[in-house]
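This report examines a single molecular model. The reader is invited to keep the sequence and the three-dimensional view at hand while reading.

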Amino acid sequence: MKILMFSTREHELPAIAKWIEENGNNVQVDTIEEGLSSVTVDKAKGYDGISIQQTNPIDDAIIYEKLKEFGIKQIASRAAGFDMIDLDQATKNDLVITNVPAYSPNSVAELAVTQTMNLLRNMHLINRNVNTGDFRWSANLIAREIRSTTVGVVGTGKIGSTAAKLFKGLGANVIAYDAYPNEDLKEILTYKDSLDDLMKEADVVSLHTPLNENTKHMINKDNLKLMKKDAFLVNTGRGGVVCTDDLIEALENKDLCAAALDTFETEGTFLNKVIPHHDLTDPQVKKLLNMENVLFTHHIGYFTTTAVDNLVSTALNCVKEVLATGDSVNNVLKLVNA
């Protein structure tokens, strides 16, 4: 069995070596740094299966046609998200698409809690003041304790429910919105009837939804204006869930206090690269980086040792499963067509 892993990063190599050791001598896993594209797809020729990890769209039909031509039956994404893949083209070319739905819910949930605490403690302002030699106890630095806040969790899947439990453990009042409420969570949170109701009530809104046609720009000017003036928005989910232009406008107009962002609509242009700020080409990213009321991290929510190990092993297990059976428990096409 020969597997090619696209977009392989140095931190994944120990987990790959561990998986190979656990799966016998008849397994060959090769790695390349490039992502899957129309330029690199020919590298998959001669392999039985492939795995990817990227956020930039794989939208050229020739990619899927060539994979089918090469006899490849699947694409295993080393991520929970799969919005970068054209599912229609995958179906047309008989490709099984798999993801890693629960690599480590704690990894992302803990970042959401961390950034919420940073916002409540005004660390975005404190760091600026300290860096300029201002050590005063200014009035705008006074903080709120999390036990006095209402946290609104949008999306209560594995990551969202983990975040809700962490927030509750810290003493927050937790409310939530999900199109499919989880009855098991009702002891720790209260579901709201609509997203608008949550946006109005929450002191902190934490986003944990996947990106699809129903959630694209679900956070926009129409509901951002409903938030409290001193409220915070935290996005550790997917960048496209938020309309970035609307968020920037709301932050500039002080319709909400501040935001902590780990994912971005155009993150494929800068992720895992070294780019001086003055060389960045995306105007939204440049704007956000220069806003004092934005905490900016570069899609690091998943980046823990446990999560990386689980991402690699689960994705490779999915390749093995599809090659052996023609299907996988993590087949996302079954999910979206349900």
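Aspartate 94 is found in the loop between α3 (87–92) and β5 (96–98). The phi angle of aspartate 94 is near 60 degrees, a positive value in a residue other than glycine. Most residues other than glycine have a negative phi. The model discussed here is predicted.

Serine 7 also has a positive phi, of about 55 degrees, although it is not a glycine. Serine 7 lies in the loop between β1 (2–5) and α1 (13–22). The relative accessibility of serine 7 is 7%, and therefore it counts as buried.

**The chain as a whole**

The secondary structure of the chain comes to twelve helices and twelve strands. The radius of gyration is 21 Å, close to the 20 Å that the globule rule gives for 338 residues, so the chain is as compact as a globular protein of that length. Along its principal axes, the C-alpha trace spans about 65 × 50 × 35 Å.

Of the 338 residues in the chain, 50% are buried. The surface that the chain exposes amounts to about 16,400 Å², and carbon and sulfur atoms supply 49% of this area. Among contacts with a separation of 6 or more, 70% are between residues 24 or more positions apart.

**Three residues and their surroundings**

Which strand holds threonine 98? Threonine 98 belongs to strand β5. Its relative accessible area is 1%, and so threonine 98 is buried. When neighbours within four places in sequence are left aside, threonine 98 is in contact with Ile75, Ala76, Ser77, Cys318, Val322, Ser328, Asn330, Asn331 and Val332.

Alanine 231 has its place in the loop between α8 (221–224) and β10 (232–235). Why does alanine 231 count as buried? It does so because its relative accessibility is 0%, and the cut-off for a buried residue is a relative accessible area under 20%. Apart from neighbours within four places in sequence, the contacts of alanine 231 are Ala202, Asp203, Leu256, Cys257 and Ala258.

Histidine 298 is found in the loop between β12 (294–296) and α11 (305–325). Not counting residues up to four places away in sequence, histidine 298 touches Asp262, Phe270 and Leu271.

The following table sets separation in sequence beside C-alpha to C-alpha distance for three pairs of residues.

| Pair of residues | Separation in sequence | C-alpha to C-alpha distance |
|---|---|---|
| Threonine 98 and leucine 256 | 158 residues | 38 Å |
| Histidine 298 and leucine 185 | 113 residues | 30 Å |
| Alanine 231 and asparagine 131 | 100 residues | 25 Å |

**Cavities**

Rolling a probe the size of a water molecule over the atoms shows where empty space is left. How many cavities of 30 Å³ or more does the structure hold? There are two cavities of that volume or more.

The largest cavity contains about 50 Å³ of space. Its lining is formed by Asn235, Gly239, Val242, Thr244, Leu247, Leu261, Thr263, Phe264, Glu265 and Leu288. By class, these lining residues divide into five nonpolar, four polar and one charged.

The second largest cavity contains about 40 Å³ of space. The residues that line the second largest cavity are Thr244, Phe264, Glu265, Thr266, Asp282, Gln284, Val285 and Leu288. Thr244, Phe264, Glu265 and Leu288 appear in the linings of both cavities. Which helix gives the most to the lining of the second largest cavity? Helix α10 (residues 283–289) does, with three residues. The lining of the second largest cavity comprises three nonpolar, three polar and two charged residues.

**The second largest pocket**

The second largest pocket has a volume of about 350 Å³. It is lined by 18 residues, and those that lie nearest its centre are His124, Leu125, Lys254, Cys257 and Asn293. One of these, Cys257, is also a contact of alanine 231. The lining of this pocket has ten nonpolar, four polar and four charged residues.

Definitions and conventions
Residues numbered from 1 in each chain as written. Predicted model: local features only at pLDDT ≥ 70, side-chain atom pairs only at ≥ 80, totals over all residues. Heavy atoms only, no water. 1 Å grid on protein atoms, 1.4 Å probe; cavity = no way out; pocket = protein on both sides within 12 Å on 5 of 7 lines; lining within 4 Å. Points joined across faces, edges and corners; volume = space filled by probe spheres on them. Nonpolar A, V, L, I, M, F, W, Y, C, P; charged D, E, K, R; others polar. Helix = DSSP H or I, 4+ residues; strand = E, 2+ residues; numbered from the N terminus. Rg over C-alpha atoms; globule rule 2.2 N^0.38 Å. Buried < 20%, exposed > 50% of the residue type's maximum accessible area, 1.4 Å probe, protein only. Contact = heavy atoms within 4.5 Å. Areas by Shrake-Rupley, 256 points an atom, 1.4 Å probe, with all protein chains shown as cover.
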